[in-house]
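Please read these comments with the structure open beside you. They are meant for someone looking at it for the first time.

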Amino acid sequence: MAEDDLVPIGRVAEWFGMRVPALRYYEDEGLLTTRRRNGRRHFDRDDLRRLALVRTYVEGGVLSLDEVRELTSAEPSTGARLLAARHLPALEEHSFSASSALRLLRHHVEHDQPDQLSCPRCAEELRERLVRFTRRRRDT
């Protein structure tokens, strides 16, 4: 990416649906690096890719910022791989729950069901959720 291809922090904030202070905070916490042009922060292509990775992990909802920093560090380690492996089950459950909620909400919007609990499709989805909840409870 050429010097002219640097993207100002305000535009990056818009693209990622974030506020500029949040991007500065990520930089202060060592999650990002930026380039300076005339004293203002700018992002190159690698910075944008790193931000996309950081946001993906943060939005996943199961990692702390310290863990995100470790996973996105330039020097991969065995500890980072173990950290990732430890969080996979929680992220898989989070993903399953979000997908289930999406299916239920989409069905509700498309079929205008006044009582979701009496809807056969919703009942089937909720049965699957109950099985997962009770299995998880037994496994702990």
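The points below take up the sheet, a loop residue, the helices, the cysteines and the rings in turn.

1. The model is a predicted one. Positions named here follow numbering from 1 along the chain as its sequence is written.

2. Begin with the sheet. Three strands make up an open sheet, in the order S1-S3-S2, with antiparallel pairing. S1 and S2 are the edge strands, and each has a single partner strand, so one side of each lacks a neighbour in the sheet.

3. The pairing of S1 with S3 joins residues 7–8 to residues 40–43 through two bridges, in the antiparallel sense. Within that pairing, Pro8 has His42 of S3 as its bridge partner.

4. On the other side, S2 covers residues 35–37 and pairs with S3 over three bridges, again antiparallel. His42 in S3 is the bridge partner of Arg35, and Arg36 stands opposite Arg41 in S3. His42 thus appears as a partner both of Pro8 and of Arg35.

5. The loop between S2 and S3 contains Asn38. The hairpin formed by these strands has two residues between them. Asn38 is not a glycine, yet its phi is positive, at about 55 degrees. For background, most residues other than glycine have a negative phi. Is Asn38 buried or exposed? With a relative accessibility of 74%, Asn38 counts as exposed.

6. Next, helix H1. The helix spans residues 9–16 and includes Ile9. Ile9 has a relative accessible area of 12%, and because the cut-off for buried is under 20%, this residue counts as buried. Ile9 lies 113 residues from Cys122 in sequence, and the C-alpha atoms of the two are 44 Å apart in space.

7. Helix H5 takes in residues 78–111, 34 residues in total. From its first C-alpha to its last, H5 reaches 49 Å, close to the 50 Å expected at 1.5 Å a residue. Where does H5 have a kink? The kink is at Leu88, shortly before the proline Pro89, and amounts to about 40 degrees. A reader should take the span and the kink together: H5 reaches 49 Å and has a kink of about 40 degrees at Leu88.

8. The buried residues of H5 are Ala80, Leu83, His87, Glu93, Ser100, Leu104 and His107. Glu93 and the histidines His87 and His107 are thus listed as buried, along with Leu83 and Leu104. After H5 comes Asp112, with a positive phi near 45 degrees.

9. How many disulfides are counted? The count is zero. Why is there no bond between Cys119 and Cys122? The sulfur of Cys119 has its closest cysteine sulfur in Cys122, at 3.7 Å, which is too far for a bond because a disulfide needs the sulfur atoms within 2.5 Å. The reverse holds as well, since the closest cysteine sulfur to that of Cys122 is in Cys119, at 3.7 Å. Both cysteines are buried: Cys119 has a relative accessible area of 3%, and Cys122 has one of 1%.

10. Last, the rings. The count of aromatic pairs is zero. A contact between a charge and a ring is present, however: the charged end of Arg132 sits over the ring of Phe96, at 3.7 Å from the ring centre.

Conventions:
Predicted model: local features only at pLDDT ≥ 70, side-chain atom pairs only at ≥ 80, totals over all residues. Heavy atoms only, no water. Phe/Tyr/Trp six-rings, centres within 6.5 Å; stacked < 30°, edge-to-face > 60°. Lys NZ or Arg CZ within 6 Å of the ring centre and 35° of its normal. Helix = DSSP H or I, 4+ residues; strand = E, 2+ residues; numbered from the N terminus. Expected span 1.5 Å × (residues − 1). Bend = angle between axes of the 7 residues up to and from the residue. Buried < 20%, exposed > 50% of the residue type's maximum accessible area, 1.4 Å probe, protein only. Pairing = 2+ DSSP bridges.
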